[in-house]
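Colleague: Could we go through this structure together? I should like to begin with the strand pairing.

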Amino acid sequence: MNALELTGIRKRFGAVAAVDGVSCAVAEGEVLALVGENGAGKSSLISVACGLYRPDSGSVRAFGRELPPGDPRAAIEARIGAVHQHFMLVGPLTVWENVVLGREPRRRGFIDAARARREVAEGAERCGLAVDPQARVETLGVAAQQRVEIVKQLWRGARVLILDEPTALLSPQESAALLRTVRALAEEGRAVVFVSHKLREVLDVADRIAVLRRGRLVQISRRSETDADKIAGALIEGPATAPEASARQGERGPVLLTVRELSCASDRGRPALRGLSFELQRGEILGVAGVDGNGQSELAEVLTGLRRADGTASLGNDVSFHRSPAAARRAGVAHLPEDRQRRGLCLPLSVEENLALGHHALPPYARGPLIDRAGRREKARELIEGFDVRPADPLARAAALSGGNQQKLVAARELAGGPPPRLIVAVHPTRGLDPFAARRVHQALRAARDRGAGVLLISLDLDELRALADRILVLFEGRSAGEAEPEAGDDRLGRMMLGQEPARA
Amino acid sequence: MNLVLDFAAPLVFAALGGVLSERAGVVNIGLEGMMRFGAFGAAAGAIASGSPWIGLACGALAGAAAAALHALLSLRFRANQVVSGIALNLVALGLVTYLLQSIFGSAGVSPEAPSLPRDRFGHTALAYAALVVPVLFQLWLSRTPAGLRVRAVGEHPRAAATLGVRVLPLRAVCVVCSGLLAGIGGATLSVGILGQFDARMPAGQGFMALAAVVFGRWTPLGAAGAAFFFAAADALQRHLSLTLHAADLRLDGLFLALPYALTLLVLALGIGRTRAPAADGIPYDPEART
Amino acid sequence: MPDLRARLFRPARDPAWGAAAALLASFAVSFVAMAASGRDPVDGFGHLLSGAFGGPGPLGETALKTSILILTGLSVAVALIVGLFNIGAEGQLIWGALAAAVVGRLEVPGVMLLALLAAALAGGAWGLIAGWLKVRRGVHEVISTILLNWIAIHLIQGWLVPGPLAATGSGAHVSVAGTEAIQRGAWLPRVWPGTRLDLGFPLALLIALGVWFLLSRTRRGFEWRAVGAGPDAALAAGIPAGRRICEGMALSGALAGIGGALLILGTEHRYPGVFRTGYGFDGIAVALVGGGSPAATAIAALVFGALRAGATRLQLVGIHPSFAELTQGLAVLLVAAPRMFQPLLARLRGRDAVPP
């Protein structure tokens, strides 16, 4: 009898079939890896498995018993526990409150807080996970929060543990520790479903590997029977694409951006950048790597005028270009923001209006104080076509576009909407995008570089950095941990990301 | 000054209602309307039954019913919660005036309604309740399982949902109970203080209650404390205005405006940046793609 | 014109359909409620319509009320466009009215224009306070505008009008008369003899047109809309969001202030001792039903104006005029639940849930 069995699961969101008839099972003591590109249906599938979504058809069985659909409580009762990509933790509450929420130990009507704290501490220690029960979750770092999530599931007696992209925000060393934990849990007899798009980890930890593509299960095999090539082949439609060649067409020019001793605080008031220094040349893509939370977001905000900082940053001769977003824009800085829906788009407005944002005071969008409607419409059509934004309708609302098309919209506006930018700050530009949209964005960035712009590419995806960047700068705790060539090995980059590799002089 | 306790009671109950709703994540601008329904319902109920206690119950139920509508719109239909609250206030304004006319044939005040009994200090039971209930509420919110779940649901409903907490039903209960509390607040005005329903009730106290919630940082004790402060300021103003009238100085308006101006000042100065519960006002969609 | 046709079925048009449906539904409910209370609804509605549209007198009244509602409705709508809920139109209106009443006494040429200007400034300043508080101190505008309303009402009607600004010769104890009358030259001329309809109506329409132009055809208007639609994106695009929000609130207050001025210059000719308007709060209902489009807002203003004008006749059928308020509240209630209509409309059009 399998620990978890999914049969014929179908789930649509509007016209899109996120999961299209998937059946698979995982046994006790086994690690099943679910592999697929962004949008292949992995997250939707496991949301069905743990009762968050109600499938349109199909069934979920745990230890032989069928579960009522769309009922998270039933899934929990059936010992299914999930750790999601976006943590399901309530910030202002403490660790122990988060762990026991929904199943609080009671004493005379009140919560037995002492018992809760004790049980949480014991449970964590048993699995070798370090947590402080009294800490408020919002004060914890990402890896610590993830540990809390795992403890939360284990405390509820989860026999089936589902981990959705657990290493997305971890450094290579932290990831390795997590993988060891996964194997330990499997050896204890638990079933683990490990969702990931990182082949190396999957091959390391899984007993069986299932490949999802566009909502369908296209391949499932034992680890011993398969390898990276076979899996990669099943992942992508058509012939396996060769790694994108970074054929350079322009020359690297003189220094464009000089950053010296840049320091600033994060939103929480803690130091985010501590004396960061680096240079960026014209016609170059400088990749910025690092575990999330080491100052990347703040760096992007400083350079685009959204955050104050001490130290100097000069674009050419201009040292005050980052005084405000308007000043940055005037100086020729383009920004592909981290949170494209919040920072990049006015969702209720039309595609055409979003394309005008930032340049709306200049021709062809405006004539004096008035809007030039014909000019704006014309320019919008041009941009839509050039960047393949779908639907190709200037009057469609930005909110109705898919994530990939929204990002193409932002890229179109930033890179081609106004005068060609000198400096492009792109933050996680292909996060959540399908491969085709991602490739489009990469093309646009390369084209900008070839034209002579400087591109600062901040990304959590090492593969993306390797494919695009001419150099990679690693940030650790708000400082430069050194630079590396794109060909540098994972372990070297990983050590730099943890600050363990002394910065090369 | 003795009367501050009685005058504060309606505000306290309404403010507590506001806290409950908002901590659960539902913005409640409709406190004014709920108080109005409560005040009228209590008066009508008391007149019809001859008992102020039954009147009180009717008022509470009326407030709860109004809140149920707000809950329906905000939770089931995911309407904009501010708009829903405003709509409720508008409906309360018109409907109650209409009912006052149709049932009692009056455009100003209802007939005298039986009032709640007062003890030897001149306080009704509700006045004392206004001292005790905030404390109980605070304990409930911070120490009980239900209170923990309410707090979770107001900050991160999806996280609570993954643990099996039923978000929408919990929010609905909180909203209806907030109406219950606001209804009690309104009832305090008609059967507790005045002894009849006045067409102007609650004359803005529902909005003052909102200010108290914000002032009190969305905690029961804070909101109740703020409510007491506002009532005290109001009493002070009344006291001063009598002396001024004697001197034939028409400064009523200045003093009437003072509590509001003070509230605004305090909000503007320190407390302008408190954080409401993170999910406050955001409609929860169980099936949304995260 | 393929664009025009496509425009009509844009999702952005849904607010207008939702508004129309809400208005119709609220009238239907009122109809039923009237019948349920034992009155003849056809008779009742007949009186309502005749009170609103039956002859030059009623038409004049309707136009009068509509013109004020257009202004307060626009006031709230403009605030909504920059992303704020302006509950303070009432306070902004009475400050405008007071300013017009004071300036309207000056014996200078162009006093009418001056009075209007003063009203706009007064209302605008009051609205700006709320905007500034929101931008600089993070005070939620719903609360601040409500508080400012009360402060305005008390300061004006409890102190200024009965005190320093009282007309000489009025009773020392009860100031029923209000302030001094404005000079004849400041009166808004009647445009339809035999009715109370004055220059205010065409003026309001003109202003509505101006606001529409401002919002949809100018750069500044675009920035206001961007700030309301996506404040973070607008900021990142270089738009000074804080400043624009303040500008929006100032304009919002100014519009309400002008509404107050129209009441003084056209009808009251002084700031009366008892001035219960309610136009400010009705403006909220108008704006909400109008859903952000100036045209729909104007139509909602017309409907509510007609309701107000015709409601007094309801008493002839034994129905209290507050029935009109009830209908209004219902309309807003129904508009507050757009999801009730959206899925229906979307299904009719074959469009469905939105991909992330």
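Colleague: How many bridges join strand 15 of chain A to strand 21 of chain A?

Modeller: In this predicted model, five bridges link strand 15 to strand 21 (residues 454-458) of chain A, and these two strands run parallel. Within that pairing, A:Gly287 stands opposite A:Leu457.

Colleague: And how many bridges join strand 15 to strand 22 of chain A?

Modeller: Four bridges connect strand 15 with strand 22 (residues 471-476) of chain A, again with the strands running parallel. Here the bridge partner of A:Gly287 is A:Ile472.

Colleague: Are the residues of strand 15 in chain A buried or exposed?

Modeller: Strand 15, residues 284-289 of chain A, is mostly covered, with six of its six residues buried. That holds for both faces: A:Glu284, A:Leu286 and A:Val288 are buried on one side, and A:Ile285, A:Gly287 and A:Ala289 on the other.

Colleague: Let us turn to another sheet. In what order do strands 13, 14 and 16 of chain A lie?

Modeller: The order is 14-13-16, in an open sheet of three strands of chain A with antiparallel pairing. Because strand 14 (271-281) and strand 16 (310-315) of chain A stand at the edges with a single partner strand each, one side of each has no neighbour in the sheet. From one strand to the next, the twist averages 10°.

Colleague: How many bridges hold strand 13 and strand 14 of chain A together?

Modeller: Strand 13 (residues 255-265) pairs with strand 14 of chain A over eight bridges, in the antiparallel sense. A:Leu257 stands opposite A:Leu280 of strand 14 there.

Colleague: Which helix packs on that sheet?

Modeller: Helix 9 of chain A, residues 296-303, packs on the sheet and touches strand 13, strand 14 and strand 16 of chain A. The direction of this helix makes about 65° with that of strand 14 of chain A.

Colleague: Now the other chains. How many residues of chain B are in contact with chain C?

Modeller: On the chain B side there are 41 residues, in contact with 41 residues of chain C.

Colleague: Which elements of chain B give two or more residues to that side?

Modeller: They are helix 4 (81-104), helix 9 (205-215) and helix 11 (252-269) of chain B. Helix 4 of chain B supplies the largest share of the side touching chain C, 14 residues.

Colleague: What is the make-up of that side by class?

Modeller: The side of chain B that touches chain C has 26 nonpolar, ten polar and five charged residues.

Definitions and conventions: Residues are numbered from 1 along each chain as its sequence is written. Chains are lettered from A and ligands numbered from 1 in the order in which they are written. This is a predicted model: local features need pLDDT of at least 70, side-chain atom pairs count only at pLDDT 80 or more; totals for chains, interfaces and linings use all residues. A residue is buried if 20 or more other C-beta atoms lie within 10 Å of its own, exposed if 12 or fewer, and partly exposed in between; C-beta atoms are placed from the backbone. Two strands pair if DSSP finds at least two bridges between them. Two residues are in contact if their C-beta atoms, placed from the backbone, lie within 7 Å. Ala, Val, Leu, Ile, Met, Phe, Trp, Tyr, Cys and Pro count as nonpolar, Asp, Glu, Lys and Arg as charged, and the others, Gly among them, as polar. Axes are lines fitted to C-alpha atoms, for helices over the stretch in contact, and angles run from 0 to 180 degrees between N-to-C directions.
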